[in-house]
Amino acid sequence: MNDPAFLARQRLYKAETGTLVWSEPLPSGGNAVVKLYRRRPLLDPIRRRFIPYRVEREYGLLRRLYEHGVACPEALAWSHGRSRVHGRFERLDTREVEGAVPLTDLPGGPASLELAPLFAQVRRMHAAGVAHGALYARNVLVARTPGPGPQFFLIDLAHGRAFTRDIAGSHPGDYDLLDLLLSLKRQGAIDAAVEWLAAYGLTPDAARSLLKRLERHRNERPWRHFRRIETDSRALLAALGSGASRASAATLTVPDQG
Ligand SMILES: Nc1ncnc2c1ncn2[C@@H]1O[C@H](COP(=O)(O)OP(=O)(O)OP(=O)(O)O)[C@@H](O)[C@H]1O
Ligand SMILES: [Mg+2]
């Protein structure tokens, strides 16, 4: 751990009171990105009884996406515990996407890229039955590839929810699209939205009607909370919904990567 080569390859992504994100070398090569949440000690024993660890949920969602061929970091491990430095914590390790930057940090902004392939990835995520829950430009990584265009990776599924079927056209699916479009609009990159939404699979009419809804879409805290409660209720209902939904989960199909 104190080896200078190890320290030189560490990188701090985020340091806030409740969250630390850093990368460190993996023994097998490459780097892991470690996301560590500090938990509030007083609430923790009560919370633990009723609410699953959020890193466990994020781990499960990332694995599901990865298995369905959606571009996202490989989830490596999750754990929880207590340490002298951090107190009670939970931790998620993912494989670092090398050389990737958040879409918000691109020198030319998101408008400098062709974003249709990103919307095709979102379509694949929804086909895999996953609602992201915080699909903003900062939670999309862009990496160079040997191919013609860059590749987009979906990260940060801490607010994600799993469903037993394709969620395109449902409220949780639409909320993801609206959140992403709103964050792109705030960065001045919305002109080609009808084409992006075509890559998601929407007809021009359906795309225009979603863009109308975008004018009223808000994502400040109270709205976010309301929508998360709605999404949770829908996920719960879907999970309670009989063996039929288990069968549909087993036969879930995801469109080919285009
Ligand atoms: N697998 C990864 N590969 C490369 N970079 C990563 C990876 N995971 C996270 N990062 C970097 O760490 C940052 C924070 O990660 P993440 O978004 O998961 O944490 P967060 O605390 O939930 O973020 P926020 O709440 O600010 O959106 C990302 O913006 C990205 O720069
Ligand atoms: Mg994030």
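Here a trainee and a mentor talk through the helix packing in this predicted model.

Trainee: Let's get our bearings: how many helices and strands does the protein chain have?
Mentor: The chain runs to 258 residues, and buried residues make up 30% of them. Of the contacts with a separation of 6 or more, 68% are between residues 24 or more positions apart. As for the elements, the count is nine helices and ten strands.

Trainee: On to H4, then. Is this helix largely enclosed or not, and how many of its residues are buried?
Mentor: H4 covers residues 116–127. Its buried residues include Leu118, Phe119, Gln121, Arg123, Arg124 and His126. H4 is largely enclosed by the rest of the structure, because the buried residues number ten of the twelve.

Trainee: Which elements cover those buried residues of H4?
Mentor: Both strands and helices take part. The strands include S7 (130–131), S8 (140–143) and S9 (151–154). The helices include H3 (54–67), H5 (171–186) and H6 (193–200).

Trainee: How far does H4 reach from its first C-alpha to its last?
Mentor: With twelve residues at 1.5 Å a residue, you'd expect 16 Å. The model comes close to that. After the helix comes Gly129, with a positive phi near 80°. The reach of H4 itself is 17 Å.

Trainee: H6 is on that list of covering helices. How far apart are the axes of H4 and H6?
Mentor: The two helices cross in a right-handed sense, and they pack at an angle of about 35°. From H4, residues including Phe119, Ala120 and Val122 meet H6 residues including Trp196, Leu197 and Tyr200. The axes are 7 Å apart.

Trainee: And how do the residues of the contact of H4 with H6 divide into nonpolar, polar and charged?
Mentor: Arg123 in H4 and Glu195 in H6 are both in the contact. Alongside them sit residues such as Ala116 and Pro117 in H4 and Ala199 in H6. The tally is nine nonpolar, no polar and two charged.

Trainee: H6 also packs with H7. Is H6 parallel or oblique to H7?
Mentor: H7 spans residues 204–216, and its axis is 9 Å from that of H6. The two pack at an angle of about 120°. That angle makes H6, relative to H7, oblique.

Trainee: Which residues in H7 are met by H6?
Mentor: H6 passes H7 in a right-handed crossing. H6 brings Ala193, Val194, Leu197 and Ala198 to the contact. The contact's residues are eight nonpolar, no polar and one charged. On the H7 side they are Pro204, Ala207, Arg208, Leu210 and Leu211.

Trainee: What about H5: which elements do its buried residues pack against?
Mentor: H5 has 16 residues and reaches 22 Å, close to the 22 Å expected. Among its buried residues are Tyr175, Asp176, Leu177, Asp179 and Ser183. Beyond the helix, Gly188 has a positive phi near 75°. The buried residues of H5 pack against H4, S7, S10 (161–162), H6, H7 and H8 (221–240).

Trainee: One last residue: is Arg54 buried or partly exposed?
Mentor: Arg54 lies in H3 and touches Tyr37, Glu90 and Ala158, leaving aside residues up to four places away in sequence. Its C-alpha is 9.2 Å from that of Arg91, 37 residues apart along the chain. A buried residue needs 20 or more other C-beta atoms within 10 Å. Arg54 has 18, so the residue is partly exposed.

Terms used:
Residues numbered from 1 in each chain as written. Chains lettered and ligands numbered in written order. Predicted model: local features only at pLDDT ≥ 70, side-chain atom pairs only at ≥ 80, totals over all residues. Helix = DSSP H or I, 4+ residues; strand = E, 2+ residues; numbered from the N terminus. Expected span 1.5 Å × (residues − 1). Contact = placed C-beta atoms within 7 Å. Axes fitted to C-alpha atoms, helices over the stretch in contact; angles between N-to-C directions. Parallel < 35°, antiparallel > 145°, perpendicular 65-115°, else oblique. Left-handed = near helix turned anticlockwise from the far one by under 90°. Nonpolar A, V, L, I, M, F, W, Y, C, P; charged D, E, K, R; others polar.
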